[in-house]
Amino acid sequence: MDQQQSPRPVRPGAESTVCSHCGEVAEGARPTWTCSVENHTRHYFCEACARANLRAIESRLDSAWW
């Protein structure tokens, strides 16, 4: 029997990180991403989201605000 492989959705694993704002998935090292701790939970933001919201991040505003 010839079975077709259906494309699997990208699932974040131990080696990947998901942007808390836009949902972008990064595999492996992500040196340009930003990490924020909000309500005792780590949130990671991709470079684009971090740049777009830099003032809010520096002001320590929760991501729900922006």
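A residue is taken as buried when its relative accessible area is under 20%. By that cut-off Cys-19, at 3% relative accessibility, is buried. The model analysed here is a predicted one.

Cys-19 does not form a disulfide. The closest cysteine sulfur, that of Cys-22, lies 3.7 Å away, which is too far for a bond. The cut-off for a disulfide is 2.5 Å between the sulfur atoms. Cys-22 is likewise in no disulfide, its nearest cysteine sulfur being that of Cys-19. The count for the model is zero disulfides. Burial separates the two residues. Cys-19 is buried at 3%, whereas Cys-22 is partly exposed at 46% relative accessibility.

Cys-19 also belongs to the largest nonpolar core, which holds 10 residues. Two further cysteines, Cys-46 and Cys-49, are members. The aromatic side chains in this core are Trp-33, Phe-45 and Trp-66. Ala-26, Ala-50, Ala-56 and Ile-57 complete the set. Helix H1 (47–52) and helix H2 (54–58) are the elements that give two or more residues to this core. In soluble globular proteins, nonpolar side chains tend to be buried together. Within the core, Ala-56 was examined for contacts beyond four places in sequence. Its partners are Leu-61, Trp-65 and Trp-66; Trp-66 is itself a core residue.

Thr-17 lies in strand E1, which spans residues 16–18. Thr-17 is buried, because its relative accessibility is 6%. Its side chain makes a polar contact of 2.6 Å with the side chain of Arg-30. Beyond four places in sequence, Thr-17 touches Glu-24, Val-25, Ala-26, Arg-30, Trp-33 and Tyr-44. Of these partners, Ala-26 and Trp-33 are also listed in the largest nonpolar core.

Val-25, another partner of Thr-17, sits in strand E2 (residues 25–27). Val-25 counts as partly exposed, because its relative accessibility is 30%. The C-alpha atoms of Val-25 and Cys-46 are 8.6 Å apart, with the two residues separated by 21 residues along the chain.

Strands E3 (residues 34–38) and E4 (residues 41–45) pair in the antiparallel sense. Five bridges connect them. Cys-35 stands opposite Tyr-44 of E4, and Tyr-44 is among the residues touched by Thr-17. Two residues lie between E3 and E4, which form a hairpin. In the turn, Asn-39 has a positive phi of about 50 degrees.

How values were computed
Residues are numbered from 1 along each chain as its sequence is written. This is a predicted model: local features need pLDDT of at least 70, side-chain atom pairs count only at pLDDT 80 or more; totals for chains, interfaces and linings use all residues. Side-chain values use heavy atoms; hydrogens and water are left out. Buried means under 20% relative accessible area, exposed over 50%, partly exposed in between (1.4 Å probe, protein chains only). A polar contact is a pair of N or O atoms within 3.5 Å; within protein, one must be able to donate a hydrogen and the other to accept it, and residues adjacent in sequence count only if both atoms are side-chain atoms. Contact means heavy atoms within 4.5 Å. A nonpolar core is a set of buried Ala, Val, Leu, Ile, Met, Phe, Trp, Tyr and Cys residues joined through side-chain atoms within 4.5 Å. Two strands pair if DSSP finds at least two bridges between them.
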